[in-house]
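Colleague: I should be grateful for a close look at one part of this model, with attention to the local geometry and to what surrounds it. Please then follow the contacts outward into the rest of the chain.

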Amino acid sequence: VIEREATTIALTPKELDAIIALDLSNSPRLTKVRDMFLLQCYTGIRYSDLSSLKPVHFDLEEGYIRRHAQKTTGALKVPLTKKALEIIARYPDLRLPVISNQKMNEYIKELGKLAGMTKETVITRFRGNVQVDEVVKRYEALGTHTGRRTFITESLRRGMGTRMLMNT
């Protein structure tokens with residue numbers, strides 16, 4: 001079986017700003033989802049690792065998340081940027097909200113729609129060896145992996161080396 005990854009999009013800086021700027025004061029559910037999604041955008045942490053973080057994994061004095069990655073079982077030492085620390089500060093007990101991956105993906109799409117991401121984009125998937133291109137609204141292509149992809153894209157744009165990125 002040949003596995004091929006489907007197209008995963010990264011947010012542009014403008015799209016990221018649009019999600020940040022959303023007034024979600026009447027939606028605690030979407031506020032929490034946005035926080036977790038932005039944490040992925042700022043750290044590159046996978047959903048599986050994000051959803052299983054415990055207070056013990058946070059080293060706020062040094063400014064890191066430290067744990068073993070679930071997917072690769074390798075040690076993670078994720079630096080926390082100022083923006084990531086601002087999000088974490090909203091949860092003083094360091095217990096981040098846990099939302100199922102399925103619901104998180106659904107709600108991220110909702111955030112994208114609210115942020116006006118209605119431009120059409122092409123998503124490529126593979127069924128066996130057959131390439132299937134699908135035209136969707138940009139918000140429909142969002143998911144938890146978009147956060148990780150956004151982090152990678154922005155890190156490369158800012159000059160981070162690929163070897164360092166591969167270790168995140």
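**The hairpin and what lies around it**

Modeller: Strands β4 and β5 form a hairpin with 2 residues between them, and glycine 128 in the turn has a positive phi of about 70°. The model is a predicted one, in which local features need pLDDT of at least 70 and side-chain atom pairs count only at pLDDT 80 or more, while totals for chains, interfaces and linings use all residues. Residues are numbered from 1 along each chain as its sequence is written, and side-chain values use heavy atoms, with hydrogens and water left out.

β4 comprises residues 120–127 and β5 residues 130–137; the two run antiparallel and are joined by 8 bridges. Helices and strands here are DSSP runs numbered from the N terminus (H or I over at least four residues for a helix, E over at least two for a strand), and two strands pair if DSSP finds at least two bridges between them. In the register of the hairpin, glutamate 120 faces lysine 137 of β5, and arginine 125 faces valine 132 of β5. Such pairing of strands takes place through backbone hydrogen bonds, in a parallel or an antiparallel sense.

Just ahead of the hairpin is the loop between α5 (101–114) and β4, and methionine 117 lies in it. Methionine 117 has a relative accessible area of 4% and is therefore buried, a class that means under 20% (exposed is over 50%, partly exposed in between, with a 1.4 Å probe and protein chains only). If neighbours within four places in sequence are set aside, methionine 117 is in contact with Leu11, Glu15, Ile19, Gly112, Lys137, Arg138, Tyr139 and Leu142, where contact means heavy atoms within 4.5 Å. Lys137, one of these partners, is also the residue opposite glutamate 120 in the hairpin. Another partner, Ile19, is 98 residues away from methionine 117 in sequence, yet their C-alpha atoms are 9.6 Å apart.

Ile19 leads on to the helices. It is one of the residues of α1 in the packing against α2, to which I now turn. Helix α1 (residues 13–21) and α2 pack at an angle of about 150°, with their axes 11 Å apart; the axes are lines fitted to C-alpha atoms over the stretch in contact, with angles from 0 to 180 degrees between N-to-C directions. This makes α1 roughly antiparallel to α2, since over 145 degrees counts as roughly antiparallel (under 35 is roughly parallel, 65 to 115 roughly perpendicular, the rest oblique). The crossing of α1 with α2 is left-handed, that is, the near helix is turned anticlockwise from the far one by less than a right angle, whereas clockwise would be right-handed. Leu16, Ile19, Ile20 and Ala21 of α1 meet Arg34, Phe37, Leu38, Cys41 and Tyr42 of α2. By class this contact has 8 nonpolar, no polar and 1 charged residues (Ala, Val, Leu, Ile, Met, Phe, Trp, Tyr, Cys and Pro being nonpolar, Asp, Glu, Lys and Arg charged, and the others, Gly among them, polar).

α2 also packs with helix α6 (residues 144–157), at about 30° and with the axes 6 Å apart, so that α2 and α6 are roughly parallel. Their crossing is right-handed. Phe37, Gln40, Cys41, Tyr42 and Thr43 of α2 contribute, together with Thr144, Thr146, Gly147, Arg148, Thr150 and Phe151 of α6. These residues divide into 4 nonpolar, 6 polar and 1 charged.

A further partner of α2 (residues 28–43) is helix α4 (residues 82–89), packed at about 155° with the axes 9 Å apart. The crossing of α2 and α4 is left-handed. On α2 the contact is made by Asp35, Leu38, Leu39, Tyr42 and Thr43, and on α4 by Lys83, Ala84, Ile87 and Ile88; it has 6 nonpolar, 1 polar and 2 charged residues.

Apart from the hairpin, an open sheet of 3 strands has the order β1-β2-β3 with antiparallel pairing. β1 (58–59) and β3 (75–79) stand at its edges, each with a single partner strand, so one side of each has no neighbour in the sheet. Overall, the chain contains 7 helices and 5 strands, and 42% of its 168 residues are buried. Of contacts between residues at least 6 apart in sequence, 58% join residues at least 24 apart.
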